[in-house]
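Subject: A structure for you to look at

Hello,

I am passing on a structure that I have been reading through, and I would be glad if you opened it before going on to my notes. Please keep the sequence beside it while you read.

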Amino acid sequence: MPKRESIIPDEMRNVHDRFHYSPGVKVGNTLYMAGQLGRDENLNVIPDPEAQIAQAFENVGKILKAAGGAFADIVDMEVWFTNWSEDFQTFLEVKDRYISSPYPTLSAFECKALSMSARVEIKCVAVLDD
């Protein structure tokens, strides 16, 4: 089995220590990321929907950077919404600030609730250069 490495950006050490999970796990050149919420380093969810989605992408970016990757390395994205009809268009607009062609796959789901009362959670898989 390939070596498994936890990816824990300095800004996410408190998530790892408090909730006992890795923000990212790298196996070979594949990076699996835990779902990211639009919360700051103090674990406060940002109330404004657009700013919350942007912060979730910023958090994805922190994991990518810590693993030596970039947004262009994302090959698969899952997005969970508590209100898809209200937030999906905003999500697409914010996503396009971070992700460009060739686009990753995208699956979107609506659910009853997310951790910490967030509106959106973004989970990605990236394939990094060797």
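Below are my notes on one helix, a cavity, a buried glutamine and a few places in the loops.

Please bear in mind throughout that this is a predicted model.

I would begin with helix 2, which covers residues 49-66 and so has 18 residues by the DSSP runs. From its first C-alpha to its last it reaches 26 Å, close to the 26 Å expected at 1.5 Å a residue. Many of its residues are buried, including I53, A56, F57, V60, I63 and L64, and the elements that cover the buried residues of helix 2 include strand 1 (4-7), strand 4 (74-81), helix 3 (84-98) and strand 6 (120-127). When you look at the side chains, it helps to recall that an α-helix has 3.6 residues a turn, so residues three or four places apart point the same way. After the helix comes G68, whose phi is positive, near 85°.

Next, there is one cavity of 30 Å³ or more, and about 100 Å³ of space lies in it. It is lined by 13 residues, of which M12, V15, R39, D40 and N59 are the closest to its centre. Helix 1 (13-19) and helix 2 each supply at least two residues of this lining, which by class has five nonpolar, three polar and five charged residues.

Is Q36, in the loop between strand 3 and helix 2, buried or exposed? Its relative accessible area is 4%, and because this is under 20%, Q36 counts as buried. Apart from its neighbours within four places in sequence, Q36 is in contact with residues that include M12, P23, A56, N59 and V60, while its side chain reaches the backbone oxygen of A34 at 3.0 Å.

Finally, three places in the loops deserve a careful look at the backbone. L43, in the loop between strand 3 and helix 2, has a positive phi near 70° although it is a residue other than glycine, and at 9% relative accessibility L43 is buried. S117, in the loop between strand 5 and strand 6, also has a positive phi, near 60°, but S117 is exposed, with a relative accessible area of 66%. The peptide bond from S101 to P102 is cis, with omega near 5°, and P102 is found in the loop between helix 3 and strand 5 (105-110).

With best wishes

Note on methods: Residues numbered from 1 in each chain as written. Predicted model: local features only at pLDDT ≥ 70, side-chain atom pairs only at ≥ 80, totals over all residues. Heavy atoms only, no water. Helix = DSSP H or I, 4+ residues; strand = E, 2+ residues; numbered from the N terminus. Expected span 1.5 Å × (residues − 1). Buried < 20%, exposed > 50% of the residue type's maximum accessible area, 1.4 Å probe, protein only. Contact = heavy atoms within 4.5 Å. 1 Å grid on protein atoms, 1.4 Å probe; cavity = no way out; pocket = protein on both sides within 12 Å on 5 of 7 lines; lining within 4 Å. Points joined across faces, edges and corners; volume = space filled by probe spheres on them. Nonpolar A, V, L, I, M, F, W, Y, C, P; charged D, E, K, R; others polar. Polar contact = N/O pair within 3.5 Å; in protein donor to acceptor, adjacent residues only side chain to side chain.
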